[in-house]
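Good morning, everyone, and thank you for making time for this. Please have the sequence and the structure open while I talk, and stop me whenever a residue is hard to find.

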Amino acid sequence: MQRRTFLASAAATGVAATLNPSMTMAAETNPLLAKWTGPFGGVPAFDKVKVADFKPALEAAMARNLAEIDAITANPAAPTFDNTIAALEDSGRTLADLYCYYGIWGGNMSSPEFQAVETEMDPRLSALQDKINQNPALFKRIETVYNSPDKAKLTPEQQRVLWIYYTNFVRAGAKLDPAAKARVGAINTELAGLFTKFSQNLLADENTFITLTDADLVGLPDSLKAAAASSATQRKMPGKFIIVNTRSSVDPYLTYSPVRATREKVWKAFVNRGDNGGATDNNAIIGKILKLRVERAKLLGFKTHAHWRLENAMAKTPENAMGLMEAVWTPAIAQVAIDVAAMQAIVDQDAKAGGASFKIEPWDYRFYAEKVRKAKYDLDMNEVKPYMQLDKLREGMFWAAGQLYGFQFKKVEGVPVYQEDMTVYEVTRDGKHVGLWYFDPYAREGKRSGAWMNAYRTQERFSAKAGGEITTIVSNNSNFIKGKPGEPVLISWDDATTLFHEFGHAIHGLNANATYPSVSGTNVARDYVEFPSQLNEHWLPTKEVLNTFCVHYQTGKPIPQALVDKIKAADKFNQGFDTTEYLASALIDMKLHLAGDVDIDPDTFEREELAKLNMPKEIVMRHRTPQFGHVFSGDGYSAGYYSYLWADTLTADVAEAFQEAPGGFYDKPTAKRLYETIMSKGNSVDPVDQFKAFRGRDVKIGALMRDRGFPVPPGA
């Protein structure tokens, strides 16, 4: 997600290199290598990007990075923080800027031509990281600084940066013998290719769709019909209606369509992405990834990949993560049983009146959950949707961020974007420029599904070349269905929650106040990074946002208080489903990576382990293994999908701090403390210490259980 994700673990390499004449010419003429120019300290030149330029640009930037690091390792002076660690922080900037373009074209603008570049270059980029992390001359300098008594003279942030560099190099194999280093490097290179293939297979399956007949449209809300028509029009199928094989298209159909046979068809297409046999099947790839990961972990001195991944996370061990998940799993599936019984009662009652008789299946769950919600709370979430205008909700996010952090957002024109529907906003505080926020809202071919945040540039005050503070550039990316020209885009309550969630990541980046880029903004532990984003979800249902920004798209009237009261009354409804589908994925992720050096058939493993967990048959994993991009499109969330639950323990606890304050969620002193102790710190302070500084104690699980409506364990 972050701009320096690639570089922070790599920094630069000490392998000798020079720029050959062809690379020098590429550096002079390739627009992807040009320094960012324009307003706001420079902006990405998205209007200059051509796929054909990526490979030569990457080769030139990699060579430039090698040459920069050569200078560090060749420095005859004794290693110090300034000539080694600070020099590493200042290296590789050309490659980092280029990787901004590269990541966007991989996730937002993919094409067969670009995928060919990825297939060739991803293994080479991985090899570059290994040259860095395994370079003995470079590590010797880092280790010397780390063990020097002068370390005590460094600032706390410098000590943190030094610890991160030293730890990351050791974890990547810097202390291994040459043969082990070579094998780790070979594994990483092979994994990079497998990650790319997994992602491309998944994207191919998500670009498929199901065409709806007139009978399939019966009972659908007009907004969903319009979305299905818009999706068809984008694919040059005017007059047709399609459900694209992505969550933003599938879930609404499963929720509101009364046509059971088509619900089943749509559901099966979605849950079998990456699992259909043939060229895009991911099962064999997953098996290879798992074997390579456990081999690498053992070479690095760890029992399993999970133990390696969690060593430097907040959870520290897989056992701690499993303990939390298991504590929540039991009450979650118990609640599912209660909810399914209520759904089945509706089906049985309908059958007595002449309707079909059947047992609730996964493709029925969302549809009948809405019926139960209506029966218990007199709440139809489709009644809420007319008040959920995307543009108005964006304004609500801006307003809430302004109340909490003093931000102001102003739309700017003339800044290059990579797609015409994007918008750009300048963010200021007290009249001072803070950063830029880019928004890429709509689904399209070549864009991966889901929603996410990117940091194009990280805030920092350290830059020997810039001579001052560098401000951040962040983006949010969604997959809403674009409406007709001039018509507002209406989204669901769940999608609005996701919108606030991803904006929470952006806020985390915008609040950054660090000296060094590797500890700035969202460059934090994986099981901490979701905490600020999940926390931001809590501002959507506040009366201030609802009354001002949730207004009817036709009348302009605010959402009725009676409807708001129903939403709050039903706040914990369906927590059994939400928690179970998520936790099933998190538990399978962890179990896959705790299994050790065994041959695994992903489908069989998934089925057998879920049976051991007593997984309700009416629910499937939120991300089944063959489509689990969090885990198999890279190492990022591998053995780490538990992070959302771990972070939510922090989220719920901090949310209760606001609820306890006189001003509630807009309490100024509490917001100020949140900014000073957490939101501005990035990774410059240990996350455990950040939370303690805010709350005055360690986190407790009680708030999480209360938030989900589950029984609170003794002492929690």
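I will start with the chain as a whole, then turn to one helix, a set of strands, some charged pairs and two backbone angles.

Before anything else, please keep in mind that what you are looking at is a predicted model. The protein chain contains 29 helices and seven strands. Its radius of gyration is 25 Å, close to the 27 Å that the globule rule gives for 716 residues, so the chain is as compact as a globular protein of that length. If you follow the C-alpha trace along its principal axes, the spans come to about 90 × 60 × 60 Å.

How much of the chain counts as buried? Of the 716 residues, 59% do. Among contacts with a separation of 6 or more, 76% are between residues that are 24 or more positions apart. As for the outside, the accessible surface of the chain is about 28,000 Å², and carbon and sulfur atoms account for 54% of that area.

Let us now go to helix α4, which covers residues 81-89. Seven of its nine residues are buried, so the helix is largely enclosed by the rest of the structure. The buried ones are Phe81, Asn83, Thr84, Ile85, Ala86, Leu88 and Glu89, and if you ask what covers them, the answer includes α3, α5, α7 and α8.

From that helix I would like to move to the strands, and in particular to β4, residues 423-429, where six of the seven residues are buried. On one side, β4 is joined to strand β3, residues 407-412, by six bridges, and these two strands run antiparallel. Within that pairing, Phe409 has Val427 of β4 as its bridge partner. Strand β4 also pairs with β5, residues 432-442, again in the antiparallel sense and over seven bridges. Here Arg429 stands opposite Lys432 in β5. The hairpin formed by β4 and β5 has two residues between the strands, and in it Asp430 takes a positive phi near 55°.

The next topic is charge. Side chains of opposite charge can pair when their charged atoms come close. How many salt bridges does the structure hold? There are 45 of them, and I will take you through a few.

The side chains of Glu143 and Lys175 form a salt bridge, with 3.9 Å from N to O. This pair links distant parts of the chain, since Glu143 sits in helix α7 and Lys175 in the loop between α8 and α9, 32 residues apart. In terms of surroundings, Glu143 is partly exposed at 24% relative accessible area, whereas Lys175, at 52%, counts as exposed.

Now compare the setting of a second pair, Arg444 and Asp440, whose side chains meet in a salt bridge at 2.8 Å, N to O. Are these two residues buried or exposed? Arg444 is buried, with a relative accessible area of 15%, and Asp440 is buried as well, at 1%.

A third salt bridge brings together the side chains of Glu656 and Arg706, at 2.9 Å from N to O. Glu656 belongs to helix α26, residues 643-660, and Arg706 to helix α29, residues 702-708, so this pair ties together parts that lie 50 residues apart in sequence. Glu656 is buried at 16% relative accessible area, while Arg706 is partly exposed at 41%. Salt bridges can also share partners, and in this model such sharing joins Lys55, Glu59, Glu120 and Arg124 into one network.

Finally, I would like to return to the backbone, where we have already met a positive phi near 55° at Asp430. Asp378 is not a glycine, and yet its phi is positive, at about 55°. You will find Asp378 in the loop between α16 and α17, where it counts as partly exposed, with 38% relative accessibility. Ala639 is another residue other than glycine with a positive phi, near 55°, and it lies in the loop between α25 and α26. What is the relative accessible area of Ala639? The value is 1%, which means that Ala639 is buried.

That is where I will stop, and I am happy to go back to any of these places with you.

Conventions: Residues are numbered from 1 along each chain as its sequence is written. This is a predicted model: local features need pLDDT of at least 70, side-chain atom pairs count only at pLDDT 80 or more; totals for chains, interfaces and linings use all residues. Side-chain values use heavy atoms; hydrogens and water are left out. A salt bridge is a side-chain nitrogen of Lys or Arg within 4 Å of a carboxyl oxygen of Asp or Glu. Helices (H or I, at least four residues) and strands (E, at least two) are DSSP runs, numbered from the N terminus. Buried means under 20% relative accessible area, exposed over 50%, partly exposed in between (1.4 Å probe, protein chains only). Two strands pair if DSSP finds at least two bridges between them. The radius of gyration is taken over C-alpha atoms; the globule rule is 2.2 Å times the number of residues to the power 0.38. Contact means heavy atoms within 4.5 Å. Accessible areas come from the Shrake-Rupley method with a 1.4 Å probe; for residues, only the protein chains shown count as cover.
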